[in-house]
Structure formats: C-alpha cells, structure tokens
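Dear colleague,

Here is the structure that I promised to hand over to you, with the sequence beside it. Please have a look at it first, and then read on for what was found in it.

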Amino acid sequence: MGRVAMHELGIMQSALAAVLDQARTHQAARVNRIVLRIGRLAGVDPEALAFAFDVVTKDTPAAGAALTIDHVPARARCTHCAEDFEVES
C-alpha cells in the first residue's frame, strides 16, 4: 500500500474506532452509515479512503455500511478587510 493509501487507512481506522465506540455506548449491534466531513485541503484521496473503509470495516458491526464523504471547503479571513472567502489551495 502506497504512502497516500496509508494516510487514508490511518484516517479510516481512527474514524471507525470512534464510530464503534459510539455504537457500544448506545448498545447498537450494527452501523448502517458513516458520514465523514473532510476538509478540501486535507490531502485525502476519496478513492483510497473508500478502499480503506472496505478494508477496516470487514468483520466489524460496520461491515456493509454506507460511506458518505462530505467535502468541507477551506475558509480564510483577510486580516485587512475582515472578508471571509474560500481557499482552493
């Protein structure tokens, strides 16, 4: 697995751990959907993230769950005029 995929694998492992912790807290036997909000400048490859999702959810209560990735735009503020704007790169 390449360097980029390792980044996504780590993100997904952390996300799944948080989801499964919440599932246990609420005594849920199954996870049907996971929604991730990823910042546009996070350097995350959505395809690699989806692949990592399939790998890490196997044999867990989240196996077969749907993955939704919401891309969150980067925002900045001009210190001169206090205008907020989206940042592309």
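Glu 8 is found in helix 1, which covers residues 3–25, and please keep in mind from here on that the model is a predicted one. Is Glu 8 buried or exposed? With a relative accessibility of 0%, Glu 8 counts as buried, because anything under 20% relative accessible area is placed in that class. If you leave aside the neighbours within four places in sequence, you will find Glu 8 in contact with Gly 43, Val 44, Asp 45, Ala 48, Leu 49 and Ala 52. Three of these names are worth finding in the viewer together with helix 2, which is given as residues 46–57, namely Ala 48, Leu 49 and Ala 52.

For the chain as a whole, there are two helices and four strands, and when you follow the elements from the N terminus on, their order is α-β-α-β-β-β. The radius of gyration of the protein chain is 16 Å, whereas a compact globule of 89 residues would have one near 12 Å. The C-alpha trace spans about 50 × 35 × 15 Å along its principal axes. Buried residues account for 25% of the 89 residues, and the accessible surface amounts to about 6,200 Å², with 52% of it belonging to carbon and sulfur atoms. If you take the contacts between residues at least 6 apart in sequence, 66% of them join residues that are at least 24 apart. As for charge, the chain carries 9 positive and 11 negative side chains, and the centres of these two sets lie 5 Å apart.

Strand 1, made of residues 33–39, is a good place to look at the two sides of a strand. In a regular strand the side chains alternate between the two faces of the sheet. Here the covered face consists of Ile 34, Leu 36 and Ile 38, while Arg 33, Val 35, Arg 37 and Gly 39 make up the uncovered one. Which way do strand 1 and strand 2 run with respect to each other, parallel or antiparallel? They run parallel, and seven bridges join them; in one of these pairings, Ile 34 has Leu 67 of strand 2 as its bridge partner.

The other pair to examine is strand 3 (residues 74–77) and strand 4 (residues 84–87), which run antiparallel and are joined by four bridges. Ala 74 has Val 87 as its bridge partner in strand 4, and Arg 77 is partnered in that strand by Asp 84. Glu 86 is also found in strand 4, and with a relative accessibility of 46% this residue counts as partly exposed, because that class lies between the limits of 20% and 50%. Not counting residues up to four places away in sequence, Glu 86 touches Pro 73, Ala 74 and Arg 75. Although Glu 86 and Pro 73 are 13 residues apart along the chain, their C-alpha atoms are separated by 6.5 Å.

The hairpin of strand 3 and strand 4 has six residues between the strands, and Ala 82 is in that loop. Ala 82 is not a glycine, and yet it has a positive phi of about 65 degrees; its relative accessible area is 43%, so it is partly exposed. A positive phi is also found for Gln 27, where the value is near 55 degrees in a residue other than glycine. Gln 27 has its place in the loop between helix 1 and strand 1, and at 73% relative accessibility it counts as exposed, because the class begins over 50%.

Finally, please look at Asp 59, which lies in the loop between helix 2 (46–57) and strand 2 (66–72). Asp 59 has a relative accessible area of 72% and is therefore exposed. From Ala 15 it is 44 residues away in sequence, and the distance in space, from C-alpha to C-alpha, is 16 Å.

With best wishes

Terms used:
Residues are numbered from 1 along each chain as its sequence is written. This is a predicted model: local features need pLDDT of at least 70, side-chain atom pairs count only at pLDDT 80 or more; totals for chains, interfaces and linings use all residues. Side-chain values use heavy atoms; hydrogens and water are left out. Two strands pair if DSSP finds at least two bridges between them. The radius of gyration is taken over C-alpha atoms; the globule rule is 2.2 Å times the number of residues to the power 0.38. Buried means under 20% relative accessible area, exposed over 50%, partly exposed in between (1.4 Å probe, protein chains only). Contact means heavy atoms within 4.5 Å. Accessible areas come from the Shrake-Rupley method with a 1.4 Å probe; for residues, only the protein chains shown count as cover. Lys and Arg count as positive and Asp and Glu as negative; His and the chain ends are not counted. The place of a charge is taken as NZ of Lys, CZ of Arg, CG of Asp or CD of Glu.
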